[in-house]
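User: I would like to understand how the words used for a protein model are justified. Could you take me through it?

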Amino acid sequence: MSDTVAAPAQMAATAVADEAPAAGPVVSATDLTRRYGEGDTAVDALRGVSLDVPKGQLTAVMGPSGSGKSTLMHILAGLDKPTTGEVTIAGEALSKLNDSDLTKLRRRHIGFIFQFFNLLPMLTAEENILLPLSIAGEKPDRKWVDDLMDRIGLADRRNHRPSELSGGQQQRVAIGRALISRPTIVFADEPTGNLDSKTSGEILDLMNRSVRELEQTIVMVTHEARAAAIADRVLFLADGLIVRESRDISAQEIVVAMDELGGS
Amino acid sequence: MTKFALRGLLGRKLRTVLSAFAIVLGVATVSGTYVLTDSIDKAFGSIFTDSRRGSDAVISGKAAFDLAQGNGVTAPAFNESLLEKVRALPDVRVADGSVNGEAQLIGKDGKAIVYGGAPNLGFSIARGDSPFNPLTLVAGTWPQGKEVVIDKSTAGKEHFKIGQVIGVQTLGSVQQLRVSGIVKFGSVGTIGGATLAGFALPTAQQLFGKPGKLDEIAVASKSGVSSDQLLQQIRGILPADTQVRTGTGQAHQDSKETNSFISFLQKFLLGFGGVALFVGSFVIANSLSITIAQRTRELATLRTLGASRRQVLRSIIVEALVIGTLAAVIGLFAGLGLAKGLFSLFNAVGFTLPNNGLTFETRTVLVSLGVGIIVTLLASLRPAMRATRVPPIAAIREGAILPESRFARYRLPAAGLLAVLGFASLLWGLFAPSLGTTGVLVFMLGGALLVFIGIALLSVRLVPPLAGALGWPATKIGGTAGTLARENAQRNPQRTASTASALMIGLALVTLVSLLAAGIITSFKGSVNKIWKSADYAITAQNNFSPIPIAAANAVAKTPGVLAVGNVRVGETLAFGKRINTTAVNPASSQMFSLEWTQGSASVFRTLGADGAFVSKGYAKSHHLQIGSPVPLTFPSGVRKSFVLRGVFAPPTGGSPFGSVTISQAAFDRFVARPQNLYSFVLMKGGQSDANQAALDRTLNAFPNSKVATRQKFIDNQISGLSSVLNILYVLLALSVIVSLFGIVNTLVLTVFERTREIGMLRAIGMTRRQVRRMVRHESVITALIGAAIGIALGIVLASLLIVRVDFIVLSIPVGQLIIFGIAAIVVGIIAAIFPARRAARLNVLEALQYE
């Protein structure tokens with residue numbers, strides 16, 4: 001376990017230094033700030049965040065509510081625009097893209113896993129999984145689809161509709177949907193937030209294996225210590241700044257760290 | 001709670017406005033109809049009152065029986081010697097006689113001046129300063145000898161000035177008369193599209209073929225004489241062929257025809273307003289139930305806070321009441337605009353109505369508001385009942401679904417029962433042996449209403465398969481967006497069905513009309529082709545249906561190259577106690593017509609003689625007539641004559657030009673003053689040729705209101721009249737289609753709103769704005785097509801039922817038109833989707849994803 005508590009300005013350098021030389025960052029952000037509202041009522045959700053996401057790793061973003069972790073993820077995924085700063089995904093600077101280019105970038109490079117699954121109720125499990133490809137007008141690779149169905153453990157539930165699946169199964173479908181296009185990066189927003197603890201474990205395990213076996217890069221926002229514990233790297237946010245970065249940290253250590261930050 | 005309902009409406013402004021719009025259009029039609037017909041009524045009323053101003057009594061000719069009105073047959077004129085006798089009566093201060101008739105003015109281009117189907121009024125002016133003269137001189141002098149005064153509007157439009165010569169055609173060929181003056185009718189600016197031509201009495205008597213005769217004597221009494229006293233005195237000297245009425249009584253009599261026309265127009269237009277309101281009620285009911293489904297949690301929260309079911313019910317009803325009132329008030333005033341629009345519409349299709357300013361009666365206000373509010377309230381009942389079933393627990397549970405009503409499982413059987421009852425009632429109305437007109441209408445309208453409601457409820461079952469089939473092209477054209485659109489359309493069959501049903505009603509009616517029209521056209525063509533034997537040309541009036549003076553046919557007979565002219569005279573007689581259309585033919589007609597004779601033979605045409613008659617098979621059957629049976633006829637003049645049946649023919653499906661009884665032209669001309677032809681048919685040396693056509697055209701130059709047509713042209717001309725009626729019907733039915741378009745917009749807006757998070761997800765995983773728009777648009781088109789499919793099918797069924805009953809129409813499916821209706825439905829879908837699709841595409845991805 002390596003543990004550094006550093007000033008935000010030094011953060012980016014630290015993250016890059018920690019990088020294995022073979023894999024360059026797939027997502028990098030520099031000096032992100034995000035201000036909501038104007039004048040006296042203005043709120044600074046991010047106050048200068050820089051980070052790199054290395055390929056093939058699971059990065060967890062933790063922090064108490066109001067720390068800016070969701071805002072950070074939305075900006076990294078191109079769903080929200082930073083007030084200042086720049087995000088680069090797969091070499092493309094997001095600030096230079098219009099809505100249509102951003103949409104195409106999301107198709108090619110980004111997958112999403114949501115807290116409330118967000119499956120289409122009228123489509124079958126397999127249709128939901130194939131949705132990103134069909135929206136992009138691409139033909140699925142049958143072998144990869146079968147492999148993926150096996151990996152998420154729903155090979156025998158392909159033709160079930162979401163209403164016929166349990167919460168955990170629905171989230172597996174959502175993970176399949178995020179992985180199907182082999183995106184550069186998958187963003188997961190509280191993926192276990194709506195699940196019981198046993199199911200949460202299964203989902204975390206599935207995400208972990210996706211990183212290890214498929215070399216899928218994942219950024220996960222969570223406030224659950226147990227979820228963050230599977231990550232290669234945990235970024236702690238407080239008041240719009242990255243205040244701490246830890247590698248291979250245990251759930252217990254995370255709980256302690258969060259307590260120090262003032263609540264979970 | 002009431003306050004809460006009102007706040008809710010303000011919070012959902014867009015939805016409220018969209019729902020209200022459906023009712024606005026319906027109410028506007030109702031109010032517009034009243035404003036239109038009241039305005040026409042008032043304009044006509046002042047015309048008739050003006051024209052009898054100054055008359056204390058009016059003496060007119062009396063027909064032997066009540067003549068049908070508006071077909072050119074008038075009461076016989078009486079001897080003018082009566083005038084001197086009337087003037088000699090002690091209580092009579094002044095009396096003047098007049099004649100009148102149809103006087104066609106001819107424009108400078110040699111063409112008849114016709115404004116739509118409006119009449120061309122011709123009459124005598126005894127003296128300009130007569131107290132009975134309703135005209136005022138705008139310029140010039142009153143007519144003398146070979147002079148005429150014409151109305152200001154015609155003079156202006158056709159650029160006639162005083163001193164110029166104008167062609168006037170009455171019974172004979174065109175007469176050239178000098179314009180001595182320009183006149184105006186009473187206080188009215190325009191009297192519809194009617195043209196006026198006033199002549200000196202002797203000129204008019206000569207023009208209208210009534211030498212030494214009068215149609216009317218207007219009488220003013222000395223002061224202090226009561227009208228009873230005057231009438232009594234006049235009655236003492238009246239001959240049998242005349243009658244007397246008070247001035248107002250005569251004005252009332254004059255207005256009978258237009259009154260029945262106005263009341264028909266009123267019912268006709270109100271019918272369409274009713275359809276629009278009926279469709280609007282579907283739209284209101286549907287949007288209220290969607291809103292309630294979406295507000296489940298909110299209503300449940302209210303219930304946990306202690307609101308009773310009754311309070312929930314009341315809050316929904318109050319909401320409907322507010323929407324209904326709002327819509328009714330807007331619709332009431334929109335009706336004024338609509339009335340103006342209808343005036344222009346009728347004008348544009350050549351049917352000018354008199355307009356003396358718009359009339360806004362209290363009744364219009366009461367009925368419009370009442371109907372709008374009541375329809376909205378009725379439509380809100382079912383959604384309101386649903387709302388009361390929201391349990392308090394739904395406030396806590398995610399995605400709680402409304403519990404079904406106890407009667408839910410009876411819903412489909414009940415819908416089926418409604419439809420069956422509706423069809424039964426329709427069939428009873430159509431085929432029951434002895435129903436009065438009212439009975440037939442009640443059963444048919446009630447039946448149609450039940451059928452529509454029943455089918456609308458049943459269509460829940462039809463939506464999934466129909467969406468599957470009709471959505472197939474969308475999946476091919478629209479890719480994933482199309483596929484998702486099809487899935488979305490099937491997702492809530494109830495909602496899609498209700499939305500589509502509104503359009504279904506409009507399209508069923510449009511289809512019904514088009515099938516009836518196609519049936520009439522097909523059978524008419526078939527009849528003409530069957531009956532038309534060897535004639536080369538037909539002579540008809542310019543408007544294709546008015547009777548024409550026989551002088552035209554007589555002149556045609558003298559045209560070089562003409563071998564024979566077969567005439568069909570038309571008039572009215574009384575037979576077996578009933579007024580019937582009576583026609584007459586000359587011997588040459590035998591060369592023109594080929595009829596199927598069930599008794600007698602084609603030689604009947606030539607052997608009718610002075611007392612022969614032939615009748616149609618149906619008439620013979622209902623009056624038990626056989627060859628040799630006597631057929632006693634009474635003519636309008638009062639002359640009775642018994643004819644002998646010489647033949648019975650079976651008319652083809654599309655009808656024939658012949659009336660119930662047909663006699664010989666010679667006999668007809670003996671008993672009918674100023675006979676007229678319906679059509680004449682011409683056989684020419686060399687058949688149809690440019691030279692022959694030119695020769696006939698030359699002859700008819702003197703009869704500008706007649707024209708020549710080949711068989712094909714004759715058919716086309718007759719059908720064109722039907723086409724303009726058809727166009728009016730389509731325009732009026734389009735109103736209900738527009739209402740249903742708003743229904744689709746409404747449903748889509750609500751649906752997009754409901755699927756906000758889902759759209760956010762789709763955008764997040766790579767759906768472009770364009771794809772989102774496409775998805776909404778395809779769903780809209782699929783919904784519209786479902787409505788079209790059910791509507792067209794239902795329209796075909798209803799039309800078939802009617803056609804089976806009505807024996808002069810054959811069933812003919814206008815495939816091309818039905819395809820056009822389908823395309824129109826697609827267009828409706830595309831238009832309806834514009835606004836909701838844009839809203840959906842504009843959603844901010846992030847906000848949409850976080851939307852609850």
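Analyst: What follows is a set of questions about chain A and its helix α7, with the reasoning behind each answer.

This is a predicted model, in which local features need pLDDT of at least 70 and side-chain atom pairs count only at pLDDT 80 or more, while totals for chains, interfaces and linings use all residues. Residues are numbered from 1 along each chain as its sequence is written, and chains are lettered from A and ligands numbered from 1 in the order in which they are written.

User: How do you know that chain A agrees with a compact globule?

Analyst: The radius of gyration is taken over C-alpha atoms, and the globule rule is 2.2 Å times the number of residues to the power 0.38. For 264 residues that rule gives a value near 18 Å, and chain A has 18 Å, so the two agree.

User: What makes a residue of α7(A) buried or exposed, and which ones are buried?

Analyst: A residue is buried if 20 or more other C-beta atoms (placed from the backbone) lie within 10 Å of its own, exposed if 12 or fewer, and partly exposed in between. In α7(A) the buried residues are A:S200, A:I203, A:L204, A:M207 and A:S210.

User: Why are these said to lie on the same side of α7(A)?

Analyst: Because they cover an arc of only 110° around the axis, the arc being that of the directions from the helix axis to the C-beta atoms. The face turned away from the buried side of α7(A) carries the exposed residues A:K198, A:D205, A:R212 and A:E213.

How values were computed. Helix = DSSP H or I, 4+ residues; strand = E, 2+ residues; numbered from the N terminus.
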